[in-house]
Amino acid sequence: MSRIDDLRFRVATTFQRHVLNPVLRRVPLQTLLETTGRVSGLPRRTPVGGRRVGDSFWLVSEFGDRSQYVRNIRVDPKVRVRLGGRWYEGTAHLVPDDDPQARLRALPRMNSSAVRAIGTNLLTVRVDLEQGEGRA
């Protein structure tokens, strides 16, 4: 990773962790990805953008393997996703063979633009949602 990419990563993740995420987690209809902390074992909720397609939810991590939620998924792929105010359980899959740029074109424009602007190592993530109605 270049020094510029490393700086971009540090600035973006600091801003997200301390400013953006605490606000977005409180927005009732914001999509959230809940993973289990790989060290603490505690639930970790991250605001994400993406799109549900059938029984799957697709998103693109802007920092690939450096994203904390991706690191958590590697240890425990069981996740929950809050969509439209309802929680769905599922299993997350990292999809390195997917074309993340093409995937971004199929996802909501505002989030996709932000991911493209700050991303340094894009990685597609697919969450296979379990059958059944989500819980409020």
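Before we start: buried means under 20% relative accessible area, and exposed means over 50%. Keep in mind that this is a predicted model.

**Exercise 1. Get your bearings: how many helices and strands does the protein chain have, and what pattern do they follow along the sequence?**

Step 1. Count the elements: you should find 4 helices and 7 strands.

Step 2. Now walk along the sequence, and the pattern reads α-β-β-β-β-α-β-β-α-α-β.

Step 3. Look at the contacts with a separation of 6 or more: 68% of them are between residues 24 or more positions apart.

Step 4. Check burial and surface. Of the 136 residues, 42% are buried. The chain exposes about 8000 Å², with carbon and sulfur atoms supplying 52% of that area.

**Exercise 2. Work out which residues of H2 are buried, and where they sit around the helix axis.**

Step 1. Pick out the buried ones: Tyr69, Val70, Asn72 and Ile73.

Step 2. Look down the axis of H2. These buried residues fall within an arc of 160°, so they line one face of the helix.

Step 3. Turn to the other side of H2, and you meet Arg74 and Val75, both exposed.

Step 4. Ask what covers the buried residues. The cover includes S1, strand S2 (43-47), S4, S5, S6 and S7.

**Exercise 3. Take Thr35: is this residue buried or exposed, and what does its side chain pair with?**

Step 1. Place Thr35 in strand S1, which spans residues 32-36.

Step 2. Thr35 has a relative accessible area of 2%; the cut-off for buried is under 20%, so Thr35 counts as buried.

Step 3. Find a partner: the side chains of Thr35 and Asn72 make a polar contact of 3.1 Å. Asn72 is one of the buried residues of H2 from the previous exercise.

Step 4. Fill in the surroundings. Beyond its neighbours within four places in sequence, Thr35 touches Leu42, Pro43, Arg44, Tyr69, Asn72, Ile73 and Val79.

**Exercise 4. Trace the largest nonpolar core: how many residues does it have, and which elements supply at least two each?**

Step 1. The core has 17 residues, and those with the most contacts inside it are Leu33, Phe57, Ile73, Val81, Val127 and Leu129.

Step 2. Assign them to elements. At least two residues each come from strand S4 (56-61), helix H2 (68-75), strand S5 (78-83), strand S6 (86-95) and strand S7 (123-129). S7 gives the most, with 4 residues.

Step 3. Zoom in on Phe57. Leaving out neighbours within four places in sequence, its contacts include Val48, Val81, Leu83, Val125, Val127 and Leu129.

Step 4. Don't miss the other core, which lies apart from this one: 7 residues, among them Val60, Val95, Leu104 and Leu107.

Conventions: Residues are numbered from 1 along each chain as its sequence is written. This is a predicted model: local features need pLDDT of at least 70, side-chain atom pairs count only at pLDDT 80 or more; totals for chains, interfaces and linings use all residues. Side-chain values use heavy atoms; hydrogens and water are left out. Buried means under 20% relative accessible area, exposed over 50%, partly exposed in between (1.4 Å probe, protein chains only). A polar contact is a pair of N or O atoms within 3.5 Å; within protein, one must be able to donate a hydrogen and the other to accept it, and residues adjacent in sequence count only if both atoms are side-chain atoms. Contact means heavy atoms within 4.5 Å. Accessible areas come from the Shrake-Rupley method with a 1.4 Å probe; for residues, only the protein chains shown count as cover. A nonpolar core is a set of buried Ala, Val, Leu, Ile, Met, Phe, Trp, Tyr and Cys residues joined through side-chain atoms within 4.5 Å. The arc is that of the directions from the helix axis to the C-beta atoms.
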